[in-house]
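Q: I am new to this structure and would love a guided look at one part of it. Could you pick up a single pairing between strands and then work outwards from there?

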Amino acid sequence: MPLHRLTSVRLGVTSIDETSAFFRQFGLAEGARGVFSTRDGGEQVSLEIARRRSLLQLGVGAADGDDVARIAARVEALHGAVRMEWRSGGDELVVVEPVTGLPVSITVAAPLATSMPKSAPMNGPAQHVVRTDRPSDAVLTAAPVAVSNLTHLVYGSPNQPETLRFFTDVIGFEISDQIPGVIAFTRCGEVHHNLAVQGAPVPFVHHIAFEVDSVDEVVRGGSAMVQSDPGRQVWGVGRHAFGSNWFWYLREPGGTFIEYTADIDRISRAVPQLCKVAPNTNKYHIEDVHRAGGIMAILGELARAGKL
């Protein structure tokens, strides 16, 4: 997969000042007015005035220029069905999703390098004790929550299958999990989902998630935000089934849900993801797979190749 992470979102908001105040308290660092950085991802959020809350652009990072060129070649092969434009002297490729009109900006970007601290010791039941005679550091710390990076978002489309096809077949995302025709969780790196595409009456961004270091940080951040303004509370704290991530959802003043998240699943690029066990040919059938040893034979081959 030539893509490896989300780089940025450009959001349409009804009040830059009100949403900026929310993001500052949430843990993002403001540079220029309405431009925010995460600890590890750099500048990742920019705000613009809009009539209603909206996603104005999504940024995706590629490994190198050849990867960007391959996306451009796939667009050209569609003979005008999808619009694209080179910007910034050829360093940025902008491809427009045809159903919703969402511009997707693809640039060469460095891999995410985290400065995550060591995990805090946690006591377990009975004799599983690793911390004695002192409270948890999560209780003692007065430091604000450090937001690591822009991790994922959920985007609604009135034609979910077509929008999903654009992101997978044209841009190069891969499907991790899905409920066909309802929602698909896709990734552009090893994180379980960077973009979930769901069916919706109109195009809109349901929520945007930012990764923090641990569930302690999810709880600290969410608690502080709700204590400051109880009207921000949406859902959490909890843990999802798809992606296994901890979450706490909050509502920014314009109405978009913003999520603290931690401990989301990673899907290794070294291990094949077996979504369907059937020969990719009409010459053989699933019965032939069974006669050849079935699932256990497949797992054996993966083990011999050092993939398990």
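Which residue in β7 stands opposite Met-84?

A: Opposite Met-84, in β7, stands Val-95. Before we go further, please note that this is a predicted model, in which local features need pLDDT of at least 70 and side-chain atom pairs count only at pLDDT 80 or more, while totals for chains, interfaces and linings use all residues. Residues are numbered from 1 along each chain as its sequence is written, and side-chain values use heavy atoms, with hydrogens and water left out.

Let us start with the two strands of that pair. β6 and β7 run antiparallel to each other and are joined by five bridges; two strands pair if DSSP finds at least two bridges between them. Strands (E, at least two residues) and helices (H or I, at least four) are DSSP runs, numbered from the N terminus. β6 covers residues 83-87, and β7 covers residues 92-96.

Now step back to the sheet. Eight strands make up an open sheet with mixed pairing, in the order β2-β3-β4-β1-β5-β8-β7-β6. β6 and β2 (29-30) stand at the edges, each with a single partner strand, so one side of each has no neighbour in the sheet.

Further along that order comes β1. Nine of the 11 residues of β1 (residues 3-13) are buried, so the rest of the structure largely encloses this strand. Here buried means under 20% relative accessible area, exposed means over 50%, and partly exposed lies in between (1.4 Å probe, protein chains only). β1 pairs with β5 (residues 54-62) in the antiparallel sense through eight bridges, and one of these places Gly-12 with its bridge partner Ser-54 in β5. β1 also pairs with β4 (residues 42-49), this time running parallel, through five bridges. There, Val-13 stands opposite Ile-49 in β4.

Val-95, the residue we began with, also takes us into the interior. The largest nonpolar core has 52 residues, and those touching the most other members are Phe-23, Phe-26, Val-95, Phe-167, Ile-171 and Phe-210. β1 gives the most to this core, with five residues. Such a core is a set of buried Ala, Val, Leu, Ile, Met, Phe, Trp, Tyr and Cys residues joined through side-chain atoms within 4.5 Å. Take Phe-26 from that list as an example: leaving aside its neighbours within four places in sequence, Phe-26 is in contact (heavy atoms within 4.5 Å) with Val-147, Phe-210, Met-225, Leu-250, Ile-258, Glu-259 and Tyr-260.

Next, look at a helix that meets this part of the sheet. The buried residues of α2 are covered by elements including β1, β5, β6, β7, β8 (103-108) and α4 (160-171). Those buried residues include Asp-67, Val-68, Ile-71, Ala-72 and Val-75. They lie on the same side of α2, because they cover an arc of only 145° around its axis, taken from the directions between the helix axis and the C-beta atoms. On the face turned away from this buried side you will find the exposed residues Asp-66 and Glu-76. The N-terminal end of α2 is capped by Asp-64, with a side-chain oxygen 3.0 Å from the backbone nitrogen of Asp-66.

A second group of strands is worth comparing by eye. All five residues of β11 (residues 183-187) are buried. Both of its faces are covered, with Ile-183, Phe-185 and Arg-187 on one side and Ala-184 and Thr-186 on the other. β10 (residues 174-179) and β11 run antiparallel and are joined by five bridges; in β11, Phe-185 is the bridge partner of Asp-177. These two strands form a hairpin with three residues between them, and in the turn Gly-181 has a positive phi of about 80°. β11 also pairs with β12 (residues 195-199) in the antiparallel sense, over four bridges, and Leu-195 in β12 is the bridge partner of Thr-186.

To finish, here is a stop away from the strands. Helix α7 (residues 294-304) holds Ile-298, which is partly exposed with a relative accessible area of 26%. From Ile-298 to Phe-36 there are 262 residues in sequence and 47 Å in space, C-alpha to C-alpha. If you return to where we started, you can find Met-84 opposite Val-95 again, with Val-95 listed among the core residues that touch the most other members.

Key
Polar contact = N/O pair within 3.5 Å; in protein donor to acceptor, adjacent residues only side chain to side chain.
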